[in-house]
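Biologist: I'd like a close look at a single part of this model rather than a quick tour of everything. Could you pick one chain and talk me through it, bringing in the rest where it helps?

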Amino acid sequence: MIEKVTQHLSQNEPLLFERSSPGKKAYQLPELDVPAVDAAEALGAENVRREIEGFPEVSEVEAIRHFTRLSTWNYAIDYGMYPLGSCTMKYNPRINEQVARTEGLAWAHPYQPEALSQGCMEIMWSLEQALAEICGMDAVTLQPAAGAHGELTGILLIRALLEKRGNPRKKILIPDSAHGTNPATAAIAGYAVENIKSSETGGVDLATLEQLVTDDVAALMVTNPNTLGVFENNIARVAEILHRKGAMLYMDGANMNALVGIARPGDFGVDVMHLNLHKTFSTPHGGGGPGAGPVAVKKVLEPFLPTPRLKRSGKKLAFDYKRKHSIGRVKAFYGNFGVLVRALAYALAHGGPGLKNATMDAVLNAIYIRKALEPYFDLPYTSPSMHEVVFSDDRQAKLGVRTGEIAKRLIDYGFHPYTVSFPMIVHGALMIEPTETESKDEIDVFINAMISIAKEIETDPQMVKGAPYNTRTSKVDEVTAARKPVLRWKP
Amino acid sequence: MYPENFRYTKEHEWVLAEGDTGTVGITDHAQQELGDIVYVDLPKVGSHVEAGKSLGSVESVKAVSDIYSPVSGEVVEINQTLADAPETLNTDPHGAAWLVKIKLSGAAEVQNLMSAADYLSYIGAQK
Amino acid sequence: MRYLPKSESERREMLEACGVSTPEELFAHLPDAVRLNRPLDLAPGISEYEIVQYFRERADQNANGYASFLGAGVYNHYRPVLVDTVVSRGEFLTSYTPYQAEIAQGTLTTIFEFQTMICQLTGMDVANASMYDGSTAVPEAAMMAVRATGKGRVLVAKTVHPEYREVLGTYAKHQGMPVEEFGYVRESGALDLEDLERKMDDLTGAVIIQTPNFFGIVEQVKAAAEIAHKRGALLVVIFTEAVSLGLLEPPTDADIVAGELQSFAISPSYGGPYAGIIAVKEKYIRQVPGRLVGQSLDSRGNRAFCLTLSTREQHIRREKATSNICTNQALIALMATVFMTVYGKQGLRELAEQNLAKAHYLAGKLKPRFTGKFFNEFVVRAEGKTPEELNKQLLKKKIIGGLPLGRFYPELADSYLVCATEMTKRADMDALVAAAAAQPTAENVEVTA
């Protein structure tokens with residue numbers, strides 16, 4: 001019945017510090033070609049440490065076995081689908097890893113002469129152009145290190161423009177369906193947050209918006225398609241309402257995987273948006289980062305973009321630091337260049353037509369799953385889905401089983417859970433996003449697993465509630481971890 | 001379950017007024033909704049609180065909830081035992097897990113709050 | 001297309017199951033006005049080989065095979081082979097944030113080890129699972145100190161990396177957090193403690209210093225801590241050269257340590273991605289931004305790790321979160337973890353000693369401008385030519401010279417910051433010394449193109 005997984009020998013492995021033994025080494029440094037120096041003399045005796053107490057001492061073989069064994073305790077895209085809504089867990093092309101390690105790129109120092117960095121600057125220039133075209137925007141900054149960082153940059157840009165116009169205003173409107181980074185970002189940018197309730201179809205209610213947009217409102221932060229995977233059909237009207245009242249439209253680009261090649265935020269009224277390169281553009285999540293969060297803007301916001309900006313004169317590229325109106329820097333140097341390389345490699349591999357095909361497959365996969373699971377799980381919002389679909393656990397909750405428990409049982413079937421309990425406007429949400437890089441086979445196995453679990457809930461809900469059973473590690477006690485935090489090893 | 005001599009708020013706090021001191025806590029309904037409580041954030045002794053405004057928060061693993069003060073006044077004592085044993089809020093929310101004691105500045109405020117019977121109907125209706 | 005795993009017949013089957021015959025019909029519900037009615041103006045997709053060629057050509061437009069004396073926050077250290085071997089494993093590379101602890105113990109365990117090693121290295125009690133980089137860790141640390149003390153003013157040393165101070169400024173502007181700078185002593189290049197004392201007041205929540213500082217000078221952390229603590233402020237100590245901690249006494253007088261781990265096997269990669277950290281004393285544990293991994297037990301009683309204290313974070317506390325950060329640099333932190341494992345207790349010290357030796361050999365011939373003690377970087381006053389002119393000469397020998405300081409410190413426009421690591425060859429150092437000493441002649445000096 002469970003097709004995807006079965007048991008496997010899983011090696012045990014302690015922590016590095018428990019493996020350590022004094023004198024074991026995994027390194028060898030070359031001999032010095034200059035005289036050694038007495039540390040106490042050079043630095044002052046009081047500045048020299050005794051030893052790094054507790055630091056590991058293992059051999060190379062033990063090191064490689066340690067990390068290899070640990071790695072086998074992880075699920076990963078290379079093993080199978082992550083149906084995580086809003087995360088766009090697509091295949092991480094390996095060619096991206098190789099090109100990012102090209103010596104002239106990997107060893108480039110950010111302060112090396114610009115004349116000797118034209119290759120890096122060309123890569124950044126090309127990516128800026130490509131992203132501007134994809135988003136329908138006029139200018140792009142590649143400086144922000146992640147999505148939330150891009151959001152902050154975007155909001156700061158809005159503040160700078162409004163300040164220049166005479167009044168930065170006080171509030172940002174955020175839908176109750178928004179990702180948590182949105183309100184957190186607004187707060188850091190010095191704005192108060194006002195929640196705007198979603199309409200019955202899960203979108204922005206125009207009448208409510210009209211009422212809420214006062215002279216105190218700087219912007220609305222919207223995700224489109226929204227976190228239900230539904231396109232905001234009224235988006236042009238939303239933009240119009242905001243602009244009429246001197247406010248701006250910020251778009252969280254987390255769901256761009258539904259739009260690339262199909263529709264461009266710049267064309268439907270967005271003033272500023274960020275992208276998540278680790279979502280839409282396939283750069284690897286690596287267990288939690290790094291990412292990159294470029295920000296794309298309309299011309300009116302260009303002067304405020306972070307410093308420095310790339311500018312081109314003929315064949316030469318240079319960084320422009322003389323930018324009077326810039327909000328300043330949001331990060332040292334130029335951005336997560338290594339991530340930018342991977343994103344550009346992805347875009348080059350697909351090309352224009354290819355990117356649109358990827359979007360279409362992403363939406364096809366999501367709708368296919370929706371059709372197959374609709375008979376078994378409640379669909380609280382019935383508008384057409386794009387790249388993700390959100391069910392609720394209402395039907396199963398009546399039998400005592402909630403979305404979090406269904407998710408854990410899905411692990412027994414060999415999949416990573418979907419996104420649980422988000423967005424907040426759906427009670428007991430199951431948010432599923434397959435992405436375009438899943439085959440029909442993998443998706444069918446996933447569908448069968450979900451249907452099987454739905455049936456298990458009808459006959460044996462208690463069993464489902466106790467999942468997962470087949471994992472090396474069973475459910476972890478998060479309560480004790482929070483009550484009595486132990487955040488490091490001690491001897 | 002819900003002591004008769006307590007008064008209750010819509011945000012699921014209770015207050016026991018004795019003379020000019022009010023003891024404040026969260027209700028059994030609140031702790032049920034929150035699940036396993038892992039941490040309580042309380043105000044400093046000497047700080048002033050206002051009826052309806054947040055005086056701190058209570059955390060479970062996956063959620064944080066503000067605690068809204070039912071009354072106004074000065075915080076004269078906080079329950080130190082909750083730092084080491086926040087789980088008491090789950091086992092004895094109306095007794096050992098009181099949160100703060102407040103020197104009331106407006107004793108009349110308490111009259112505007114719900115009685116035990118009213119609170120029971122209120123939470124019954126919420127379902 | 002090789003990343004789209006469907007055959008044409010499978011696509012047709014799935015479209016049929018969705019009740020449509022073409023993929024375009026799946027978008028029929030979109031309003032006409034929003035649609036892009038033309039193809040994207042991007043070239044068609046290219047093959048794997050062509051992609052490799054494209055980036056090779058870009059790399060050829062960069063410096064290749066140059067010796068470099070640049071430091072200034074990004075350091076050339078050898079990257080042990082094991083680092084890429086480990087991070088290239090699909091289980092680490094392509095896995096998600098470890099929210100589902102049962103199937104992410106690999107990531108969680110390595111992060112726990114990382115947190116431990118950072119504590120051991122910095123002398124702090126708690127370390128987070130990393131920030132975006134050193135530069136953004138600074139405002140996060142400042143905001144933390146302000147939250148913890150309730151006092152909004154920040155004092156930052158001029159010898160903290162200039163771009164880090166710029167980032168701090170950007171964040172501070174919108175937090176209502178006034179930031180003021182205090183200077184350095186002209187002769188030593190170290191903190192001007194008197195200036196700090198003068199500028200301190202009771203409204204200051206954070207004093208931020210860097211050691212070794214931007215000039216490479218080792219700072220008096222204890223003295224700065226006393227000044228800060230006396231007036232009720234927290235001391236934040238930044239580091240940009242993590243290798244220095246192999247030899248230098250950790251800043252245990254700090255309340256918050258924030259820094260950059262790029263030196264630990266993270267490619268310079270033209271500025272990123274890197275990994276920052278924040279490490280603190282125990283009492284500030286609930287104020288720390290970013291992810292934290294904690295130890296616990298699973299239901300069978302076995303040791304297991306999980307993300308914890310999540311209620312500090314954006315996905316729960318939203319606008320009241322300690323930060324808006326969502327990402328941690330997990331894969332980059334893993335590179336650092338493997339690096340720290342490979343070198344280990346003895347190796348990190350030996351590595352630091354080699355850095356010290358190389359830089360001090362160079363300093364023996366170049367004469368540092370400042371008298372303060374330094375680790376692997378120091379400032380030199382250019383003689384008989386500007387730092388820019390010297391660098392032009394060096395480029396002809398395929399050497400990238402130190403960083404001319406005029407762009408960040410106008411008062412030091414005649415000087416440059418030079419760095420030597422274990423990778424710096426003696427021959428290149430001798431060549432730098434020779435060029436620095438050489439008299440400017442028509443052949444040596446070229447006019448800028």
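Modeller: Happy to, and let's start with charge: Lys and Arg count as positive here and Asp and Glu as negative, while His and the chain ends are left out of the count. On that basis chain C, the part I've picked, carries 48 positive and 54 negative side chains. The centres of those two sets lie 3 Å apart. Keep in mind throughout that this is a predicted model.

Now the general build of chain C. Its fold has 13 helices and 14 strands, and the C-alpha trace spans about 80 × 60 × 50 Å along its principal axes. Of the 449 residues in the chain, 67% are buried. The surface that chain C exposes comes to about 14,900 Å², and carbon and sulfur atoms supply 50% of that area. As for how the chain folds back on itself, take the contacts between residues at least 6 apart in sequence: 70% of them join residues at least 24 apart.

The domain assignment splits chain C in two. Domain 1 is made of two stretches, 67-78 and 344-437, and domain 2 runs over 81-339. Their C-alpha centres are 27 Å apart. Across the boundary, 33 residues of domain 1 of chain C are in contact with 32 residues of domain 2 of chain C.

With that frame in place, go to helix α1 of chain C, which covers residues 8-17. Buried in this helix are E10(C), R11(C), M14(C) and L15(C). Looking down the axis of α1(C), you find these buried residues within an arc of 135 degrees, so they line one face of the helix. Turn to the other side and you meet R12(C) and E16(C), which are exposed. What sits over the buried face? The cover includes two helices of chain A, namely α11 (337-373) and α14 (440-459). Just past the end of α1(C) comes G19(C), whose phi is positive, at about 80 degrees.

Further along chain C there's a backbone detail to look at in the loop between β5 (204-210) and α9 (221-230), where P212(C) lies. The peptide bond that joins T211(C) to P212(C) is cis, with omega about -10 degrees.

Next, the loop between β7 (256-260) and β8 (276-280) of chain C, where Y270(C) is found. Although Y270(C) isn't a glycine, its phi is positive, at about 50 degrees. Is Y270(C) buried or exposed? With a relative accessible area of 1%, Y270(C) is buried, because the cut-off for that label is under 20%. Q262(C) has its place in the loop between β7 and β8 as well, and at 1% relative accessibility Q262(C) also counts as buried. Which residues does Q262(C) touch, once you set aside those up to four places away in sequence? They are G73(C), V74(C), Y75(C), S267(C), P268(C) and Y274(C). If you want to link this back to the domains, domain 1 of chain C includes the stretch 67-78, while domain 2 covers 81-339.

Since α1(C) led us to chain A, here are some details from over there. Chain A is divided into domain 1 (16-71) and domain 2 (95-349), and the C-alpha centres of those two domains lie 42 Å apart. T88(A) belongs to the loop between α3 (60-71) and α4 (94-100) of chain A. T88(A) is a residue other than glycine with a positive phi, near 50 degrees, and T88(A) is buried, with a relative accessible area of 0%.

Chain A has a cis peptide bond too: the one from F422(A) to P423(A), with omega near 5 degrees. You'll find P423(A) in the loop between β11 (419-420) and β12 (429-432) of chain A.

One last stop is L310(A), which is part of strand β8 (residues 309-313) of chain A and counts as buried at 7% relative accessibility. Leaving out neighbours within four places in sequence, the residues in contact with L310(A) are M121(A), M124(A), W125(A), E128(A), A318(A) and F319(A). The C-alpha atom of L310(A) is 17 Å from that of L344(A), and the two residues are 34 residues apart along the chain.

Key:
Residues are numbered from 1 along each chain as its sequence is written. Chains are lettered from A and ligands numbered from 1 in the order in which they are written. Side-chain values use heavy atoms; hydrogens and water are left out. Helices (H or I, at least four residues) and strands (E, at least two) are DSSP runs, numbered from the N terminus. Buried means under 20% relative accessible area, exposed over 50%, partly exposed in between (1.4 Å probe, protein chains only). Contact means heavy atoms within 4.5 Å. Accessible areas come from the Shrake-Rupley method with a 1.4 Å probe; for residues, only the protein chains shown count as cover. The place of a charge is taken as NZ of Lys, CZ of Arg, CG of Asp or CD of Glu. The arc is that of the directions from the helix axis to the C-beta atoms. Domain bounds come from an automatic or database domain assignment.
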